[in-house]
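Here are my notes on the model you sent, set out as numbered points. Please read them alongside the coordinates.

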Amino acid sequence: MQHLRNIVILTGAGISAESGIDTFRSEGGLWEQHRVEDVATPEAFARDPDLVLRFYDMRRAAIQTKQPNPAHVALARLDREWPKRAGGEVLIVTQNVDDLHERGGALNVLHMHGEHLNAWCTACDARHRWTGPLIQRPPCPSCEEPALRPDIVWFGEMPYRMDDIYAALSEADLFVSIGTSGAVYPAGGLVRRARDLGAQTLELNLERSKGSAWFHETRLGPASEIVPAWVDELLGA
Ligand code: BV8
């Protein structure tokens, strides 16, 4: 095994499932009782802004009632202890728009699909921490325009900080994917890029994902069990 220094961890909805946050692809193809194309695209927002704002207001409120689970807490421990232990870096790249990684204690988190607890002004481009609803079109704290939208990357929009993600992958010795189906791109293609760049690849998931063939190793089970076990192994318990 090559000397392990830098670790990039990609997380998806499955790491928050045991905290009570619905995964994206639950049965029936509905997500929080909506079809994706009706609530998570710029076209949907243009067509029916109230529907989209209410959808995100509901989820923004819901995540504030949820707690991080042992998987979030274990990754936070790795994030804090690994640099001292191995002299390398840990980067958590998450597709999730909840703040459970941060509330679990993680410091180095990159939200490639945005965050529920931010609002983005379509008039002045400012982003503001936002915990309340947007349906009443509150004024932007920077420019006073009633032009705030969820700071969420919708389908057809470019995920955030892809350059930073690719730079981290080029330095990664290990790429770990946790709780994601690998169904959404470009997130779903990161494992292949990591492997092509020479990283070891590990998948921790409830079931095999679409990208399973690209992982050197797959461990199946609920994140709240297999993630703490993996972190203990890495930190030598
Ligand atoms: C872009 C914010 C380009 C919304 C999200 C055809 C082929 C390839 C790509 C495309 C295509 N057609 C269209 C595309 C592009 C599209 C895409 O990938 N579509 C898919 C559906 C085919 N992608 C995009 O549009 C992206 N942008 O491509 O831009 C571009 C180029 C130039 C210029 C401009 C643009 C943007 C994608 C981002 C969309 N936004 N989120 C919101 O959250 O409200 S994506 C959404 O899916 C969430 O972020 C979610 O996290 C993410 C991925 O889903 P997962 O996290 O994996 O969740 P899922 O439910 O699927 O899986 C859960 C997994 O956990 C399962 O495997 C399950 O087994 C496991 N699990 C469950 N419980 C547990 C568990 N594991 C462990 N423990 C448990 N307890």
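**Notes on the domain interface and the ligand site**

1. In this predicted model, domain 1 and domain 2 bury about 990 Å² between them, with 56% of that area on carbon and sulfur atoms. On the side of domain 1, Ile21, Val97 and Tyr160 lose the most area to domain 2, and together they account for 48% of what that side buries.

2. The division behind this interface assigns 1-21 + 68-113 + 159-237 to domain 1 and 22-65 + 116-152 to domain 2. The centres of the two domains, taken over C-alpha atoms, are 26 Å apart, and 14 residues of domain 1 are in contact with 14 residues of domain 2.

3. As for polar interactions, the rule finds zero salt bridges across the interface of domain 1 and domain 2, although five residue pairs are in polar contact there. The side of domain 1 that touches domain 2 comprises seven nonpolar, four polar and three charged residues.

4. Where does the ligand lie with respect to domain 1 and domain 2? Both domains give residues to the shell around the ligand, so the ligand lies between them. This shell has 35 residues, of which Arg25, Arg59, Gly156, Thr180 and Ser181 are the closest, and by class it divides into 18 nonpolar, 12 polar and five charged residues.

5. Among the individual polar approaches, a polar side-chain atom of Glu18 lies 3.0 Å from a nitrogen atom of the ligand, while a polar backbone atom of Ala223 is 2.9 Å from a ligand nitrogen atom. The protein covers 73% of the 1500 Å² of accessible area that the ligand has on its own.

Note on methods
Residues numbered from 1 in each chain as written. Predicted model: local features only at pLDDT ≥ 70, side-chain atom pairs only at ≥ 80, totals over all residues. Heavy atoms only, no water. Domains from an automatic or database assignment. Contact = heavy atoms within 4.5 Å. Buried area = accessible area lost by both parts, 1.4 Å probe. Salt bridge = Lys/Arg side-chain N within 4 Å of Asp/Glu carboxyl O. Polar contact = N/O pair within 3.5 Å; in protein donor to acceptor, adjacent residues only side chain to side chain. Nonpolar A, V, L, I, M, F, W, Y, C, P; charged D, E, K, R; others polar. Near = heavy atom within 4 Å. Areas by Shrake-Rupley, 256 points an atom, 1.4 Å probe, with all protein chains shown as cover.
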